[in-house]
Amino acid sequence: MTWDDVVVLGRNLPDVEVSTSFGTPALKVRGKLLTRLRPEDDSLVLPDVPAEEREMLINADPDTFHTTPHYDGYAIVLARLSTLDAARLMPFLERRWRAVAPERLAATFIARGVSS
């Protein structure tokens, strides 16, 4: 998977825009971060992943999921693009989108049956 693939997937969600975060390519919804590229290891920063889930993901698939000391204490997991696929990424994007999208936008999107 490449950053361009991530952009295509992210744009399937309403009001997602390509932007930057900390000087790196990012996807946002109305200015709020969905994910960003971490170019130093070609990984995605995936917010809203609780510590227990992060540990489970890393233990189950350390080739894809990882973290660094910088993210200790944050609900974030990193995912290597080289081993990530759309089916595994989309639930993270949808969960984060629902968390940061305005309530009315999220309700309309979910009511249309586009998201689970």
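Which residues are linked with Glu-40 in a network of salt bridges? In this predicted model, the network consists of Arg-38, Glu-40 and Asp-41. Within it, the side chains of Glu-40 and Arg-38 meet at 2.9 Å, taken from N to O. The two partners contrast in their surroundings, since Glu-40 is exposed, with a relative accessible area of 56%, whereas Arg-38 is buried, with a relative accessible area of 11%. Under the rule applied here, the count of salt bridges comes to 8.

Two further salt bridges involve residues of helix H3, which spans residues 86–100. In one of them, Asp-48 pairs with Arg-96, and the closest N and O atoms are 3.0 Å apart. Because Asp-48 lies in the loop between E4 and helix H2 (51–60) while Arg-96 belongs to helix H3, this pair ties together parts that are 48 residues apart in sequence. Asp-48 is partly exposed, at a relative accessible area of 29%, and Arg-96 counts as buried, at 15% relative accessibility. The other salt bridge joins Glu-53 and Arg-95, with a separation of 2.8 Å between the closest N and O atoms. Here too distant parts of the chain are linked, as Glu-53 is in helix H2 and Arg-95 in helix H3, 42 residues apart. Both residues are classed as partly exposed, Glu-53 with a relative accessible area of 22% and Arg-95 at 30% relative accessibility.

Arg-36, which is placed in strand E3, presents another arrangement. Arg-36 is buried yet has no salt bridge, and the nearest side chain of opposite charge, that of Glu-40, is 5.5 Å away; this separation is not counted as a salt bridge because the definition requires a nitrogen of Lys or Arg within 4 Å of a carboxyl oxygen. The side chain of Arg-36 does, however, make polar contacts, one with the side chain of Thr-24 at 3.1 Å and one with the side chain of Tyr-71, also given as 3.1 Å.

Arg-36 and Tyr-71 also belong to the lining of the largest pocket, the volume of which is about 170 Å³. The other lining residues are Phe-22, Leu-33, Val-45, Pro-47, His-70, Tyr-74 and Ile-76. Strand E3 (32–38) and strand E4 (43–47) each contribute at least two residues to this lining. By class, the lining comprises 7 nonpolar residues, 1 polar residue and 1 charged residue.

Terms used. Residues numbered from 1 in each chain as written. Predicted model: local features only at pLDDT ≥ 70, side-chain atom pairs only at ≥ 80, totals over all residues. Heavy atoms only, no water. 1 Å grid on protein atoms, 1.4 Å probe; cavity = no way out; pocket = protein on both sides within 12 Å on 5 of 7 lines; lining within 4 Å. Points joined across faces, edges and corners; volume = space filled by probe spheres on them. Helix = DSSP H or I, 4+ residues; strand = E, 2+ residues; numbered from the N terminus. Nonpolar A, V, L, I, M, F, W, Y, C, P; charged D, E, K, R; others polar. Buried < 20%, exposed > 50% of the residue type's maximum accessible area, 1.4 Å probe, protein only. Lys, Arg positive; Asp, Glu negative; His and termini not counted. Polar contact = N/O pair within 3.5 Å; in protein donor to acceptor, adjacent residues only side chain to side chain.
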